[in-house]
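Work through the exercises below with the model open. Try each task before reading its solution.

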Amino acid sequence: MPRLRFAREADVTVAAAAPGVPTFDHLPERTRQAIRASQTQAEILIAWIQLAIVASFALLYELAPQATMVDDLHFTPLPWVLAAYAAVTAIRLMLAYAQALGELLLSLSVIIDLGLLMVLIWGFHVQYGQPPAFYLKVPTLFTAFIFIALRALRFEVRYVVLAGLAAAAGWASLVAYAIVVTPGDVVMRDFVGYMTGNRILIGAEIEKILAILVVTAVLALAIARARRLLVRAAIDGAAARDLARFFDPEVAERIRGAEAPLKAGEGEARDAAILFLDIRDFTRLGTELAPSALMALLTEYQARLVPLIQQHGGVIEKFLGDGILATFGAAHRSARHAAEALEAVDAVMAEAARWRSERARRGQPPLAIHAGLAVGCIVFGAVGDEQRLEYTVIGDAVNLAAKVEKHNKLEGTRALATAETWRRAAEQGYRRPRPPEIRSARPVGGVAQPLDLAVLA
């Protein structure tokens with residue numbers, strides 16, 4: 001007897017065949033939106049971290065021993081700079097939440113961040129009444145590395161590079177200012193004298209600038225590589241969401257979670273229950289209804305019944321126009337596959353009766369939904385070639401369930417199952433108020449031997 005095979009198709013793109021990750025401008029709009037949303041969240045995170053930094057600076061300033069400062073200063077720059085930095089960061093946080101940070105504003109904010117940091121460092125020699133060389137030893141310079149690293153959260157190289165260049169230029173300016181303003185011979189080669197006094201060691205300052213540039217280059221390289229992963233992740237995420245829409249969640253998860261690339265010819269044999277649903281005389285309805293009304297009818301039909309099947313452990317294998325093919329125990333093994341299938345049919349028939357009553361109240365023609373069930377050994381796996389695969393359910397049980405569903409018309413029933421399906425379901429714990437009617441030795445079209453059938457509805 002020829003087997004009836006129902007397959008679900010998926011276009012599979014082989015990652016190895018792709019020449020590379022597309023650039024941002026060549027990505028689909030939905031992928032670009034996902035990346036923009038990620039970057040918006042990154043800017044919000046950056047602003048909150050910078051607010052925490054300015055709060056830490058303010059706390060340290062308050063805790064600093066004031067007695068070491070000059071008592072008769074008319075101008076103390078540190079609190080003013082901290083206040084300005086807090087205001088700028090707060091404004092940027094609001095703009096980030098409003099998604100109003102364009103490229104120009106982002107670039108300006110990076111430069112302003114590093115500029116205010118350098119002004120803060122410059123202010124130490126004024127605040128403490130020391131020569132400009134004093135601020136060259138202030139550890140606050142390390143904050144520049146934090147600012148550069150924070151830019152990496154956006155996964156955009158240009159802002160990391162801009163932050164690094166701004167930090168290097170700012171520190172070079174502070175060194176130049178200290179050399180020009182400080183009187184006397186302040187440039188020396190004595191490292192101990194440099195560390196213990198207000199002297200300037202050019203080599204040490206060049207080393208700091210080089211450290212800033214090297215860290216920037218390493219971060220930029222890391223971000224360039226990470227951005228490719230971000231783009232790929234955004235593409236894969238969109239594909240995974242689409243996969244879950246085109247495939248049953250169980251099958252989609254099976255594809256996403258495969259430890260090795262899927263290959264044609266891989267399959268598993270297992271016992272399963274097969275369910276067919278069908279709207280009787282749907283062909284006639286197709287000629288009477290407008291296309292929009294016909295599609296609306298199918299949408300409502302599937303929206304009502306598919307969740308019920310899934311709630312009882314069923315996997316939607318394929319939509320066949322007005323027909324639905326579902327399996328129980330195929331995509332994943334189940335010790336209650338027959339019981340789950342009959343429980344799903346009970347729920348589907350109850351919902352179909354409610355829908356029929358609703359349509360009658362609205363003056364719409366009634367719909368008869370028929371179901372057919374069979375159990376048996378099936379093969380569940382992938383067929384196709386390297387570029388296109390199909391997840392397929394193959395087996396006599398699939399063919400038999402389709403024929404049992406069609407036999408409803410001859411029996412005057414709405415839901416039929418093979419007696420073997422009923423027997424297995426009962427063994428697996430399925431219960432109903434009264435046993436179904438068993439119709440023995442029924443001739444089913446396309447089946448060589450008469451079948452014992454259980455009337456479910």
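**Exercise 1. The nonpolar cores**

Task: Find which residues have the most contacts inside the largest nonpolar core, and which helix gives the most to this core.

Solution. The model is predicted. Its largest nonpolar core has 48 residues. Those with the most contacts inside this core are Leu 114, Leu 117, Leu 120, Ile 121, Tyr 135 and Trp 171. Next, go through the helices. At least two residues each come from helix 1 (29-63), helix 2 (77-97), helix 3 (103-127), helix 4 (142-151), helix 5 (157-181) and helix 7 (202-246). Helix 5 gives the most to this core, with 10 residues. Another core, of 41 residues, lies apart from it. Leu 297, Leu 342, Ala 371 and Ala 417 are among its members.

Now take one residue of the largest core. Leaving out residues up to four places away in sequence, Leu 120 touches Phe 57, Leu 78, Val 81, Leu 82 and Thr 140.

**Exercise 2. A helix pair**

Task: Classify the packing of helix 3 and helix 5: roughly parallel or roughly antiparallel?

Solution. Two packed helices are described by the angle between their axes and the distance between the axes. Here the angle is about 30 degrees, and the axes of helix 3 and helix 5 are 9 Å apart. Angles under 35 degrees count as roughly parallel, so helix 3 is roughly parallel to helix 5. The crossing of helix 3 past helix 5 is right-handed. For the contacts, helix 3 residues including Leu 114, Ile 121 and Trp 122 meet helix 5 residues including Ala 166, Gly 170 and Trp 171.

**Exercise 3. A proline in helix 2**

Task: Decide whether Pro 77 is buried or exposed, and find what Pro 77 touches.

Solution. Pro 77 lies in helix 2. Its relative accessibility is 3%. The cut-off for buried is under 20%, so Pro 77 counts as buried. Beyond four places in sequence, Pro 77 touches Gly 123, Val 126 and Gln 127. Pro 77 and Val 126 are 49 residues apart in sequence, yet their C-alpha atoms are 7.5 Å apart.

**Exercise 4. Backbone checks**

Task: Compare the span of helix 11 with the expected value, then find the sign of phi at Gly 363 and Ala 441.

Solution. Helix 11 (residues 337-361) has 25 residues. From first C-alpha to last, helix 11 reaches 36 Å, close to the 36 Å expected. Gly 363 follows helix 11, with a positive phi near 75 degrees. Most residues other than glycine have a negative phi. Ala 441 is not a glycine, but its phi is positive, about 50 degrees. Ala 441 lies in strand 8 (residues 437-442). At 49% relative accessibility, Ala 441 counts as partly exposed.

How values were computed
Residues numbered from 1 in each chain as written. Predicted model: local features only at pLDDT ≥ 70, side-chain atom pairs only at ≥ 80, totals over all residues. Heavy atoms only, no water. Helix = DSSP H or I, 4+ residues; strand = E, 2+ residues; numbered from the N terminus. Expected span 1.5 Å × (residues − 1). Buried < 20%, exposed > 50% of the residue type's maximum accessible area, 1.4 Å probe, protein only. Core = buried A, V, L, I, M, F, W, Y, C linked by side-chain atoms within 4.5 Å. Contact = heavy atoms within 4.5 Å. Axes fitted to C-alpha atoms, helices over the stretch in contact; angles between N-to-C directions. Parallel < 35°, antiparallel > 145°, perpendicular 65-115°, else oblique. Left-handed = near helix turned anticlockwise from the far one by under 90°.
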